[in-house]
Amino acid sequence: MNPTSRGYILAAVLAGVFVLVLHELVSADLSKRNWEAMTEMVYSKAGEPFARNDALPGGRTQQPVLEGVVVRGEPPLGFGPGPDEAERAGRELTSPIDLEDAGVLERGAKLFGTYCAVCHDGAGQGRGLAVMRGMLPPPPLTSDHARSLADGTLFHLLTFGQGNMASYAAQLSREERWQVIAHVRKLQGQGK
Ligand code: HEC
């Protein structure tokens with residue numbers, strides 16, 4: 001065998017090995033991880049929200065929300081915090097809840113048990129577990145004062161908080177806040 005044909009055979013064998021190795025590495029089964037070249041392009045680097053980032057304005061990774069940006073699925077409420085706005089909410093907002101829908105009251109009762117009873121207790125008397133352990137007792141939800149608050153004012157209270165009670169806007173969607181309010185009304189004997 002002359003040296004040229006030996007070279008061809010060697011090249012053919014190497015090419016064969018190369019194809020076999022590639023075949024092993026690059027699988028047609030997309031459910032398995034493939035061989036990855038240049039992983040920086042496969043996985044982009046995620047910045048930590050509070051880490052410094054010189055590429056962005058102010059050197060901050062997390063940028064403030066632009067003015068006018070609307071959270072997806074939640075159109076602007078049109079109310080701000082504060083007692084005046086709470087009163088306006090009482091005049092302008094009405095509950096979209098259908099009290100004939102038994103499922104709504106059931107969900108309201110469940111949400112109340114999860115988020116409110118820890119302070120207000122299941123009957124709304126303000127003697128929940130947290131109060132037993134030293135938390136400031138809330139006023140009873142069955143008082144004349146609580147009864148006199150309009151649905152919209154309660155919605156404002158759950159959205160923005162009031163005095164020693166925090167906002168529940170992060171825990172409860174708007175619909176859920178109205179469901180809880182329906183349950184509060186039931187506790188007050190005003191609802192069904
Ligand atoms: C961590 C304890 C705590 C939790 C949990 C809590 N509240 Fe309150 N709530 C309070 C306190 C304290 C007040 C009195 C607020 C103030 O200073 O005006 C209050 C006030 C209220 C009032 C006004 C009563 C009135 O007569 O002025 C309503 C209505 C109310 N809460 C409903 C709810 C509902 C509904 C939930 C569940 C989504 C809830 N609260 C969860 C502590 C709590």
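Ala 89 has its place in helix α3, which covers residues 83–92. Keep in mind that this is a predicted model. Is Ala 89 buried or exposed? With a relative accessible area of 1%, Ala 89 falls under the 20% cut-off, so it counts as buried.

Who keeps Ala 89 company? Setting aside neighbours within four places in sequence, Ala 89 is in contact with Phe 79, Gly 152, Thr 153 and His 156. There's also a pairing with Asp 151: the two are 62 residues apart in sequence, yet their C-alpha atoms are 8.5 Å apart in space.

Now for the ligand. The ligand sits in the largest pocket. Helices α5 (117–120), α7 (144–148), α8 (151–160) and α9 (174–187) are the elements that each give two or more residues to the shell around it. That shell has 22 residues, and the closest are Cys 116, Cys 119, His 120, Gln 162 and Met 165. By type, the shell splits into 17 nonpolar and five polar residues, with no charged ones.

Which side chains put a polar atom close to a ligand N or O atom? Here are three of them, with their distances.

| Side chain | Ligand atom | Distance |
|---|---|---|
| His 120 (N or O atom) | nitrogen | 2.7 Å |
| His 145 (N or O atom) | oxygen | 2.8 Å |
| Gln 162 (polar atom) | oxygen | 2.7 Å |

His 120 and Gln 162 turn up again here, having already been listed among the closest residues to the ligand. The ligand's nitrogen atom pairs with His 120, whereas ligand oxygen is what His 145 and Gln 162 reach.

Note on methods. Residues numbered from 1 in each chain as written. Predicted model: local features only at pLDDT ≥ 70, side-chain atom pairs only at ≥ 80, totals over all residues. Heavy atoms only, no water. Near = heavy atom within 4 Å. Polar contact = N/O pair within 3.5 Å; in protein donor to acceptor, adjacent residues only side chain to side chain. 1 Å grid on protein atoms, 1.4 Å probe; cavity = no way out; pocket = protein on both sides within 12 Å on 5 of 7 lines; lining within 4 Å. Sits in = over half its atoms within 2 Å of the grid points. Helix = DSSP H or I, 4+ residues; strand = E, 2+ residues; numbered from the N terminus. Nonpolar A, V, L, I, M, F, W, Y, C, P; charged D, E, K, R; others polar. Buried < 20%, exposed > 50% of the residue type's maximum accessible area, 1.4 Å probe, protein only. Contact = heavy atoms within 4.5 Å.
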